[in-house]
Amino acid sequence: MRYIFILLILSIVFSCEQKQPQEFLTFGDYRAELQVSDTDLLPFTFKVKDANRLIVFNAEEQIEVNEIEYRNDSVFIQMPVFEALLAAKIENKTLNGNFIIEGKDRVVPFKAEKNNTRFNVTTNAKANISGSWETVFSPNSENDKYNAKGVFKQNGNQVTGTFLTETGDYRFLEGVVDGDQLKLSTFDGSHAFLFTAKVTDSTINGTFYSGNHWKEPFTAKRNDNYNLPSADALTYLKEGFDSLDFTFPDANGNLLSLQDERFKNKVVLVQIMGTWCPNCLDESKYYAEVYKQYNEKGLEIVALAFEYAKTKEKAFAGIKRLQDRIDINYPILLAQTGTTSKTKAQEKLPMLNHVLSYPTTVFVDKKGKVRKIHTGFNGPATGEKFEEFKAEFTEFVGVLLEE
């Protein structure tokens, strides 16, 4: 796969070296498509503000992209925070190329042209899916099966919402109900999700695509009283443990642990995360603000990064990119490279029953005792759920700080 990636880049660079006329993105609305299967396209929209800046849209989410490079007839669009790259030739205001995540050896065909419609609609909606849905992904596979909660708002044909799982949400989904067909998508540079399904007023049955490397069936039934298990009960300390113990390096090679002076008599949040993880990004944005608000009151945060980057140098480059882009002032330590395996992560933190999710937050009190472990993160796309989390978080941290 790495050989294929190199050929793709070389082919674009080669085309640039043929003294092609300079081409630039032109102002306006674009509709992009990722080819996730032989027959299925994942659409998203973006607006070019000028040759060096564009905005990607997913429902209420707006992602500003300002790392854009031109080489003759080609454009290279680097998505913020993540290593994801859109590389394409520009021909008559049309883009043709690939969405590339080098570190994961993933390449997805990509094209875009002037348009502002995400999904075309031909028929009035035959169902309204506004509300909550009890959902099961991979319902016929004991190994892959997991539960979720769908929450949607529909206005005419237009739909927005997300799926909440025990480990986080599927972020900002946007789409339509066209007749009895549901179509939802999101693209943020890491997530490239497409959901297609047949719907009634009480059922949803369809397929979920994650890029072109994974797909699975899902089924849902309307249930406004359905709730997932508490995120505070999924991960816990094994019997005989009451504290967390680790020692990992920062970018300067300094080893940090909870026994260090900076953490003594402080409330500490230990964030288990990865720079490649969109839910971790949502959480990190929130924690960056929390740290600014509560650090002087006695709160410390330390993140443990579990990275798929093959080398420490690449991993720390990704960590620095995350810190710089969203202004993180708390330390991020490198816990693991070369894999995001949760089993391997749990080996680094053997006092935990498991690492079920990136992210996971361990709340440590001033005496160094673990008081709570919160699995996953349901961010801004979940609406009321996110507001409830913030209220509970603020209250609990306040109690710990006052002790």
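In this predicted model, the side chains of Asp188 and Arg171 meet in a salt bridge, with 2.6 Å between N and O. Asp188 sits in the loop between strand S15 (181-187) and strand S16 (192-199), and Arg171 in the loop between strand S13 (168-169) and strand S14 (173-178), so the salt bridge ties together parts that are 17 residues apart in sequence. Both partners are hidden from the surface: Asp188 has a relative accessibility of 3% and counts as buried, and Arg171, also at 3%, counts as buried too. The pair does not stand alone, for Glu61, Arg171, Asp188 and Asp282 are linked in a network of salt bridges.

Across the whole structure, the search finds 24 salt bridges. One of them joins Lys111 to Glu33 through their side chains, at 3.8 Å from N to O. This pair links distant parts of the chain, since Lys111 belongs to strand S9 and Glu33 to strand S1 (residues 28-35), 78 residues apart. What is the surface exposure of the two partners, Lys111 and Glu33? Lys111 is partly exposed, at 42% relative accessibility, whereas Glu33 is buried, at 11%.

A further salt bridge is formed by Asp50 and Arg53, whose closest N and O atoms are 4.0 Å apart. Here Asp50 is partly exposed, with a relative accessible area of 35%, and Arg53 is likewise partly exposed, at 28% relative accessibility.

Attention now turns to the strands, beginning with S7. Strand S7 covers residues 85-91, and because 5 of its 7 residues are buried, the strand is largely enclosed by the rest of the structure. A reader following the chain can place S7 by its two partners, S6 and S8. With strand S6 (residues 74-78), S7 runs antiparallel, and 5 bridges join the two. Within this pairing, Phe76 has Ala87 of S7 as its bridge partner. The hairpin of S6 and S7 has 6 residues between the strands, and Val81 takes a positive phi near 70° in this hairpin.

On the other pairing, S7 and strand S8 (residues 94-101) are also antiparallel, with 7 bridges between them. Ile90 finds its bridge partner in S8, namely Leu95. How many residues lie between the strands in the hairpin of S7 and S8? There are 2 residues between these strands, and Asn92 takes a positive phi near 50° in the hairpin.

Elsewhere in the chain, Ala127 lies in the loop between strand S9 (106-114) and strand S10 (131-137). Strand S9 has already appeared above as the home of Lys111. Although placed in a loop, Ala127 is buried, because its relative accessibility is 6% and the cut-off for a buried residue is under 20%. From Ala127 to Ala303, the C-alpha to C-alpha separation is 44 Å in space, and the two residues are 176 residues apart in sequence.

The surface offers one more feature to look for. Which residues gather there in a patch of negative charge? The patch is made up of Glu384, Glu388, Glu392 and Glu395. Glu392, for its part, lies in helix H5, which covers residues 384-402.

Note on methods
Residues numbered from 1 in each chain as written. Predicted model: local features only at pLDDT ≥ 70, side-chain atom pairs only at ≥ 80, totals over all residues. Heavy atoms only, no water. Patch = residues over 30% accessible without salt bridge, like charges linked within 9 Å, V, L, I, M, F, W, Y side chains within 5 Å. Areas by Shrake-Rupley, 256 points an atom, 1.4 Å probe, with all protein chains shown as cover. Lys, Arg positive; Asp, Glu negative; His and termini not counted. Charge placed at Lys NZ, Arg CZ, Asp CG, Glu CD. Helix = DSSP H or I, 4+ residues; strand = E, 2+ residues; numbered from the N terminus. Buried < 20%, exposed > 50% of the residue type's maximum accessible area, 1.4 Å probe, protein only. Pairing = 2+ DSSP bridges.
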